[in-house]
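Please look over the chain shown here before reading the notes on how its parts are arranged.

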Amino acid sequence: MEPRLDAWGVYVHVPFCPRRCTYCDFAIAVGKSAEERERYVQAVLGEWQTEKLPAGEPLAVYLGGGTPSMLSPAQVEQILQAIRLRSGGLGVEVTLEVNPETVDPERLRGFRRAGVTRISIGAQALQDHHLAAMHRGHRAADVALTVTWARAAGFDSISVDAIYGWPGQTLGEWQETVRGIVAINPDHLSLYQLQVEPATALSRMMKAQILQPVDLDLTADMADWAESYLIAEGYDRYEISSYARPGHSGQLNRLYWTMNAYVAVGMGAHSFNGTRRWWNVRAFPEYLARISAGHDPEDGAESLPREAQMREYAWLGLRTVQGFSRSRFYDRFGQDPIEAFLPVWLNLNQNGLLAWNTDRIWLQPRGLDLANQVMAALIDAAVMPPVSPLASSLRRANLER
Ligand code: SF4
């Protein structure tokens, strides 16, 4: 079920990490003291007080990073309390991203008491040599321990992240990772294909040929195997990278895929109000300085013209396995999406990548595998002019015959 049109979410960026992973280009802050972390929390609280909020209570709250589990439970509680006070509630789900090396049973109980309802654990791999090459701070055995502690602390919604396509990773190792994660029975898995970002240690190591890229066919085999295995194990694939047991899909992501609004605070955080996107400064000292001087931390913004919104709405909706609703698209943009991008849909349909009916447009399994090609086709697409209501209904009837 898609979130309501006026549903919105809250994202809090917590940038602290014990070290930088070799593949990471996120806005993070390494090696900060407890005092600096506290100053950051106070800055985030200050920014939150100045945010213009949509009406009503948020659908979901997400503390991402970085490593939000480096905050103390008391700091998390303070943030959640501030959100609750200004917006009337925390919605149906409060997620905290957790790295195994930063938690113990007591901290997890504290996060649960603070109001966190769901944790997302960065496992990434279950082979210690790959974790070392990633420069992760935990070992494979720590992942199962974290899940055990989290269950004991009262979390009944647990997500685990893993990466495939890592240099040197074999299909057997990937299977070992996914099987190992399923054995600890998480409610949700996010499986990300490795992206080599330019300004990372990983990119430099690959340029120097210290690490070799994984063959693309092997990466596709990893994705295919994981899909079959997880479906057989009772998980639904509901988005390109996401699998969940019934009732456990991530709510903030659902808002993102339906182009709903979200209010984001913290350094480098991106907010969106339905037509405009804006983002904060990425540097830790500058973010603190701006907030303490009473200035807006916004670093840039873009207003999306209607046609760009239509393309983005379609692309984001197609990331989900169910695709997107034609009537909802019509309600938002005043035009049937089939008409708006007819040449694109026909082409993708002829190539076996996409299908539609009277209600929805969605990617076929092959389209999900080639999602980047679908996105490229949409990014370049011209929006067809709206046709008259009569011509439109005749055309629709022809298309759906
Ligand atoms: S833990 Fe996450 S945010 Fe932190 S350095 Fe590693 S990948 Fe980046």
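The report below takes up the domains, then the ligand shell, and then the nonpolar cores.

This is a predicted model, in which local features need pLDDT of at least 70 and side-chain atom pairs count only at pLDDT 80 or more, while totals for chains, interfaces and linings use all residues. Residues are numbered from 1 along each chain as its sequence is written.

The domain bounds, which come from an automatic or database domain assignment, are listed here.

| Domain | Residues |
|---|---|
| domain 1 | 8–256 |
| domain 2 | 306–399 |

The C-alpha centres of domain 1 and domain 2 lie 31 Å apart. Their contact (C-beta atoms, placed from the backbone, within 7 Å) draws 7 residues from domain 1 and 7 residues from domain 2. On the side of domain 1 that touches domain 2, strand 9 (236–239) and helix 8 (216–232) each supply at least two residues, and strand 9 gives the most, with 3 residues. Helices (H or I, at least four residues) and strands (E, at least two) are DSSP runs, numbered from the N terminus.

The residues around the ligand, counted when the C-beta atom, placed from the backbone, lies within 6 Å of it, include Cys17, Arg20, Cys21, Cys24 and Asn99.

A nonpolar core is a set of buried Ala, Val, Leu, Ile, Met, Phe, Trp, Tyr and Cys residues joined through C-beta atoms within 7 Å, where buried means that 20 or more other C-beta atoms lie within 10 Å of a residue's own. The largest such core has 83 residues, of which Val76 and Ala162 touch the most other members. A second, separate core of 22 residues includes Phe341 and Leu348.

Terms used:
Contact = placed C-beta atoms within 7 Å. Buried ≥ 20, exposed ≤ 12 C-beta atoms within 10 Å, placed from the backbone.
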